[in-house]
Amino acid sequence: SGQGVGHGRVGAVPHDHHFVLQEANGVIIAFDLTSKTSFDSIETWVDSVAKNTDKNVVKILVGNKCDL
């Protein structure tokens, strides 16, 4: 379905994100390299992915804004 969750909100985990994650074949967790708050939210997202996806789902961590 191409849906993204949490986009635009640092550390925001929408209440309904688990429905999207349950059907995921892969998950990309992106964080802002220029924001400690964004970096600190990675653990929350990784935990959520672990709880709401198959253990074999592909996970990718991406740091963005490295060009600034």
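**Exercise on the aromatic rings**

Find out whether Phe 39 is buried, partly exposed or exposed, and describe how its ring is placed against that of Phe 31.

Solution. Begin with the surface: Phe 39 has a relative accessibility of 49%, so the residue counts as partly exposed (buried means under 20% relative accessible area, exposed over 50%, and partly exposed in between, with a 1.4 Å probe and protein chains only). Keep in mind that this is a predicted model, in which local features need pLDDT of at least 70 and side-chain atom pairs count only at pLDDT 80 or more, while totals for chains, interfaces and linings use all residues. Residues are numbered from 1 along each chain as its sequence is written, and side-chain values use heavy atoms, with hydrogens and water left out.

Next, look at the partner: Phe 31 counts as buried because its relative accessibility is 10%. Now pair the rings (rings of Phe, Tyr and Trp, the last by its six-membered ring, pair if their centres lie within 6.5 Å; planes under 30 degrees apart are stacked, over 60 edge-to-face, the rest tilted). This rule gives a count of 1 aromatic pair. The ring centres of Phe 31 and Phe 39 are 5.7 Å apart and the planes stand at 65°, so the arrangement is edge-to-face.

**Exercise on the overall layout**

State how many helices and strands the protein chain has, and in which pattern they follow one another.

Solution. Count the elements: the protein chain has 3 helices and 2 strands (helices, H or I with at least four residues, and strands, E with at least two, are DSSP runs numbered from the N terminus). Then read along the sequence, where the pattern is α-β-α-α-β.

Now turn to the contacts (heavy atoms within 4.5 Å). Among contacts in the protein chain with a separation of 6 or more, 72% are between residues 24 or more positions apart. Finish with burial and surface: of the 68 residues in the protein chain, 28% are buried. The exposed surface comes to about 5,100 Å², and carbon and sulfur atoms supply 54% of it (areas follow the Shrake-Rupley method with a 1.4 Å probe; for residues, only the protein chains shown count as cover).

**Exercise on the core**

List the residues of the largest nonpolar core, then follow Leu 21 to its contacts.

Solution. Gather the members: the largest nonpolar core holds 6 residues, namely Leu 21, Val 27, Ile 29, Trp 45, Val 49 and Val 57 (such a core is a set of buried Ala, Val, Leu, Ile, Met, Phe, Trp, Tyr and Cys residues joined through side-chain atoms within 4.5 Å). Strand β1 and helix α3 (42-52) each give at least two residues to this core.

Now zoom in on Leu 21, which sits in helix α1 (residues 17-22). Leu 21 is buried because its relative accessible area is 7%. Leaving out residues up to four places away in sequence, Leu 21 touches Val 27, Ser 48, Val 49, Asn 52 and Thr 53. For Leu 21 and Ser 48, 27 residues apart along the chain, the C-alpha atoms are separated by 8.8 Å.

**Exercise on the salt bridges**

Work out how many salt bridges the structure holds, and where their partners lie.

Solution. The structure has 2 salt bridges (a side-chain nitrogen of Lys or Arg within 4 Å of a carboxyl oxygen of Asp or Glu). Take Lys 65 and Asp 32, whose closest N and O atoms are 3.2 Å apart. This pair links distant parts of the chain, with Lys 65 in the segment after β2 and Asp 32 in strand β1, 33 residues apart. Lys 65 is partly exposed at 41% relative accessibility, whereas Asp 32 is buried at 15%.

Then take Lys 36 and Asp 40, with closest N and O atoms 2.8 Å apart. Both lie in helix α2 (residues 36-40), 4 residues apart, which is about one turn of the helix. Lys 36 is exposed, at 62% relative accessible area, and Asp 40 is partly exposed, at 43%.

**Exercise on the nonpolar patch**

Identify the residues that make the nonpolar surface patch, and the strand that gives the most to it.

Solution. Ile 28, Val 58, Ile 60 and Val 62 make a patch of about 350 Å². Strand β2 (residues 58-64) gives the most, with 3 residues. Ile 28 belongs to strand β1 (residues 26-32) and counts as exposed because its relative accessibility is 62%. As for the rule, patches use residues with over 30% relative accessible area and no salt bridge, joining like charges within 9 Å and nonpolar side chains (Val, Leu, Ile, Met, Phe, Trp, Tyr) within 5 Å.
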